[in-house]
Structure formats: structure tokens, C-alpha cells
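Hi everyone, thanks for making room for me today. I'd like to walk you through one structure, so let me put it up on the screen.

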Amino acid sequence: MTLMIFLVMFVMESATEKLCPLRASIDVLEGEYFFLCYLESRQEHFQEEAYTINWYKESAGKRQLVKETHRIVSQMNFLEFWPAELSDSGNYSVIHSNGKQNLTIQKWTLNVLERNKSSCFNKNHLTTEIKSAGTGHSLKCSDLSIYENESITWYKDCKNYEHETERELNFRTLTVQHSGIYTCKILISHEGRIYHSTNTIKLVVEEDAAEAVTLEIVGHHEEIETEIGKEEILNCTGFLGYYMQEDASLYWLINQTFPEQCTGIPENEPSVCEEEFKKLQLGNKFYVTRLLRIKKVRDEDMHQNFTCMLQADESTQIKIVKLKKGKTQDLPVHIFTTGMVLALLFPFVVVAVVFVFVMFRVDFVLFYRDTCRRDDTAGDGKEYDAFVSYLKDCASPIEEEREFALKILPMILEENFGYKLCIFERDVFPGGAFVDDINSFIDKSRRLIIILSQNYVSDRAIYELESGLHKALVERKTKIILIEYMPILEKPSVPHAGKAYQDKDQRAL
């Protein structure tokens, strides 16, 4: 622990002389780490006496002692803000006292600027550097912290700049394209949290004399993804400066050998050839360019180096291009995810559809008939949709069975669904022969609804059951719908038609 404290003190003392003179402009952005400090040499007056150090802030004409908090910390000749807030703006001073006299060591005016929510910098918190094109230059990330555990990131116009992580951003040869707003961001770890400080520099690169421009090839070494049999055109462009250098040459090499010229090769021949050398002028800048045409990429081309050479004024620049096979195109993530979700949901959807269809199959049939205007009963010669057979005598101990047949069933099937029922007591005029009427009205009906109960099988309605079974099982003219209204305790005897049908099926088996 003692060693750690000594190390921190050593770092802070060694950094003081370097950092404090640079803090002339006391502007800082809200939310960033910041510190005030003074030079050790300014306290030599009290070197041999006991003294105390106090920091003060003056705001609205009142000077108040700065009290330490978890955010504002005083360490030796440093006053640190973790981080600075808008309310920290004001006049600060540091005073040494030996009990007899007070000595003001230094004063500052601290201005905490509001952060621009839509940008990575504040236009009021930057410095401007104007340089000439063609010269070398370095942008320095100011010493914003006294700690060594920070990480540094550079941004140009708020976009990460070439993954630079050093304190200095070096430009070997400045061009107008290097102009922009560069921001250096330092991340500092303190008591388990990450804080940051930024330094923003506006770099303006102006056109300069042509002699100051360095010869260079546009672009860096690169690898191009391609496929066998595909045509590729490789471009190499060299920047000469602000006047055309007549001795400039630009050419391609394939594994240190010169390719053939495209002008002497037939178009349909699969080979590699070099296009003509061209000179270009864009504004006041001069370029040379040359294309290398690969008419059909071969497997052996994947293992060769295609080198562009630029030579002028006894200077040489090179650019190497390599070909590599492109990766197999995978399905986009959103398409793959959608397919997996649909594949998982499909069985559940099928089960749900089947369940809904089974539960509401009658409604679907009626909807289909109503939509298509198709009536399967038209032209079949039937007058009724169903003949209702029920217990007609008052042999039943309860009236519910008759009420179900005469009131409830017609209300549901006729009033709600539009079916037409034939009910003997309601629709058959008295005076006719009972047996003939039964046969006639069953023939006029498409279905026979039998409301089955224990008393039913002992009533005269059993004839209706026998007639219906004969027409359904033997003549195949009518379909029967059985409704077991009350449980049947004793197994009834099968009518003659039912027995005949049973015998017929047994013989067929």
C-alpha cells in the first residue's frame, strides 16, 4: 500500500511540470474528467514551515471553501472533478496558509460548456491548426489526465479514424483531404467506473507549392474477393502533385514479370493484359493511371501478386493487389431467423387450424354455401330438411322430451339456421291414414331426426324408427340423425329393417 501511494505521488509530481502550464484555457465539457493544478515551485515560500492547502470557489461574489465529495477530490496540488458539471463553473483559487499569513498561489476561471447532444464535440471547445499541403504534421492529444491506465481513440468528423490509439496522430504528407475535425478521446478508469476526456482539433490543410508534395499511389495494399471465371479489372492511380512530371511511369508486374498489352490480344482469349498508360488532371492536381484487365480469373491467379509500380523523380512507390476466393454467401440473418420461426410455428398452426375447423365445421359449411350461393338441396324433390320423430303419447313422466321436440329444436334449427323441419303434430293435417302420412312425410324429408329415449322404443313412434331405418339402410334414400335425449336402460329389439341390414352386411363379410 505504501509503495502504491509513493508511486502515485511520484507520477503526479513528475506530471505537474508538464501538465499545469498547458491549462491556460480553462474550458471543459460537462460530463468529462477534469482537474485544476498549480506548479510545485509556487509553494517554495512555505517549504520549511507547516502549512495547509485550501481550494476556494467564488460564485455570485461569495468565496466558499471547496469541500471534498466523491466527485470533487483534492490531491496535493490537484483538484479533480469526476466528472465536471455545469454547476462547477466559477472562479477558483488555491491558498496556502501557515497560520500567520495566507498566500494565494493561483487563480482560475473555469467555464463548463454544455455538451452538444447531436455531435461528438462542441464548436466552442476546439483549437484550430492551419497547415500546408505536402508537409508532414502530427496532431497531439493533450495531456488530459495524470494516469497511465487510460486508452485513447481518435475520431475524424465523429467517425472512428483508422483505429488510431496513440497520443499523436502522424501525417507523413498532408493533403487537402486530411482537413477535418479530429477528436481525441481518453478513457480513464477510476474507482470501478469509466470516465473520459476529449480534445478536439480543427485541421485546415491549404494548397501549397508543388515542390512540397510527395509522390504516392492512391489507396493501400488490398485483397479482392472474386470467383473463378469472373472478369476483374484492377486500377492503379498515382498522384504526381500540382504539375505533370514528364518522366513519371506507372506499370503493372505479375510475380515480377511484365504482362502483355491488351491492344495485341484478341478479345475472346482468356488472359491477363495491361491497358494503356493515361494522364489525368483534376483541378490543379495531376494523376497517372493504368488498368490491369483479367478477362477470366483462373485458380493460379489466386496465388499471384499483382504489383503496381509508380516511378518519378528517382522515387518509387508500390501497391500490391491479391485475389482471393469469395466466401459462400450465407442466408441473411433476418431471412434465416424468419424461416426458423415459421418452421417451429407451422405444426402449431396446422393443429390450430384443424381444431378450429372441427369445432366450427358447420359454420364453415354454411358460410361456404352462403358465399358461393350453392344449394345442394335444389332439385332433389324434397320439401323438408328433416322429419322429427319423437315420443307423441303422454307416456313420458316428464314433458321435457316433447318440449324439446316441439319448441327447442325448431327454435334452434329453423329460426337460427334456417332449416325447415317436419313435425307431425304441427305440419300434418289430421284425417289421413297414420302409416301413409308417416311414409309420405319421411320421403319428403332429407333427414330423419330421432329423439331417442326409453319410452320412445315402447311407443307407437317405433314405426317411424322402423320406416326410417328401412329407407336409410335398405333403400339408401334418407340419412338418420339420432339424439339420445334420455339414457336407454334396456337394449331395444332391432327393427326388421335393421336386422335385414345386419344380415346383409354379415353375408358380405
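I'll go through a sheet, the disulfides, one helix and a surface patch. One thing up front: this is a predicted model, so please keep that in mind as we go.

Okay, the sheet. What order do the strands take in this open sheet of 5 strands? Reading across, the order is 9-15-14-11-12, and the pairing is mixed. At the edges you find strand 9 and strand 12, each with a single partner strand, so each has one side left without a neighbour in the sheet.

Let's start from the strand 9 end. Strand 9 runs parallel to strand 15, and 6 bridges join the two. If you want a residue to look at there, Lys131 stands opposite Val205 of strand 15. Strand 15 covers residues 193-206.

Now take one step along, to strand 14. Here strand 14 and strand 15 pair in the antiparallel sense, over 11 bridges. These two strands also form a hairpin, with 2 residues between them. At that end of things, His190 stands opposite Arg193 in strand 15. And have a look at Glu191 in the turn: its phi is positive, about 50 degrees.

There's another pair in this hairpin I want you to remember: Cys184 has Asn199 in strand 15 as its bridge partner. That cysteine brings me to the next topic.

So, disulfides. How many does the model have by the distance rule? The count comes to 4 disulfides, and I'll talk about three of those here. As a reminder, a disulfide is a covalent bond between the sulfur atoms of two cysteines.

First up, the one with Cys184. Its partner is Cys141, with the sulfurs 1.7 Å apart. This pair links distant parts of the chain: Cys141 sits in the loop between strand 10 and strand 11, while Cys184 is in strand 14, 43 residues apart. The torsion about the S-S bond is about -75 degrees, so this disulfide is left-handed. Are the two cysteines buried or exposed? Cys141 counts as buried at 6% relative accessibility, and Cys184 is buried too, at 0%.

Next, Cys236 and Cys308. Their sulfur atoms are also placed 1.7 Å apart. Cys236 lies in strand 18 and Cys308 in strand 24, so the disulfide ties together parts that are 72 residues apart in sequence. The link is left-handed, with -75 degrees about the S-S bond. As for burial, Cys236 has a relative accessible area of 0%, and Cys308 has 0% as well.

Then there's Cys120 with Cys158, where the S to S distance is 2.2 Å. Both ends are in loops here: Cys120 between strand 8 and strand 9, Cys158 between strand 11 and strand 12, so the pair ties together parts 38 residues apart in sequence. The torsion is about -90 degrees, so again we have a left-handed disulfide. What about accessibility? Cys120 is partly exposed at 25%, and Cys158 is partly exposed at 33%.

While we're on cysteines, Cys422 is another buried one, at 0% relative accessibility.

Moving on to helix 6, residues 434-443. Which residues are buried there? They are Asp437, Ile438, Phe441 and Ile442. They cover an arc of only 125 degrees around the axis, which puts them on the same side of helix 6. If you want the background, an α-helix has 3.6 residues a turn, so residues three or four places apart point the same way.

Last stop, the surface. There's a nonpolar patch made of Phe346, Val350, Val354, Phe355, Val356, Phe357, Val358, Met359, Phe360 and Phe364. Together they have about 960 Å² of accessible area. Which element gives the largest share of the patch? That's helix 2, residues 333-359, with 8 residues.

Take Val350 as one of the patch members. Val350 lies in helix 2, and with a relative accessible area of 37% it is partly exposed.

To wrap up, here's what I'd like you to take away. We have an open sheet of 5 strands with strand 9 and strand 12 at its edges, a count of 4 disulfides, and a nonpolar surface patch that draws its largest share from helix 2. That's it from me, happy to go back to any of these views.

Key:
Residues numbered from 1 in each chain as written. Predicted model: local features only at pLDDT ≥ 70, side-chain atom pairs only at ≥ 80, totals over all residues. Heavy atoms only, no water. Patch = residues over 30% accessible without salt bridge, like charges linked within 9 Å, V, L, I, M, F, W, Y side chains within 5 Å. Areas by Shrake-Rupley, 256 points an atom, 1.4 Å probe, with all protein chains shown as cover. Salt bridge = Lys/Arg side-chain N within 4 Å of Asp/Glu carboxyl O. Helix = DSSP H or I, 4+ residues; strand = E, 2+ residues; numbered from the N terminus. Buried < 20%, exposed > 50% of the residue type's maximum accessible area, 1.4 Å probe, protein only. Disulfide = S-S within 2.5 Å. Arc of directions from axis to C-beta. Pairing = 2+ DSSP bridges.
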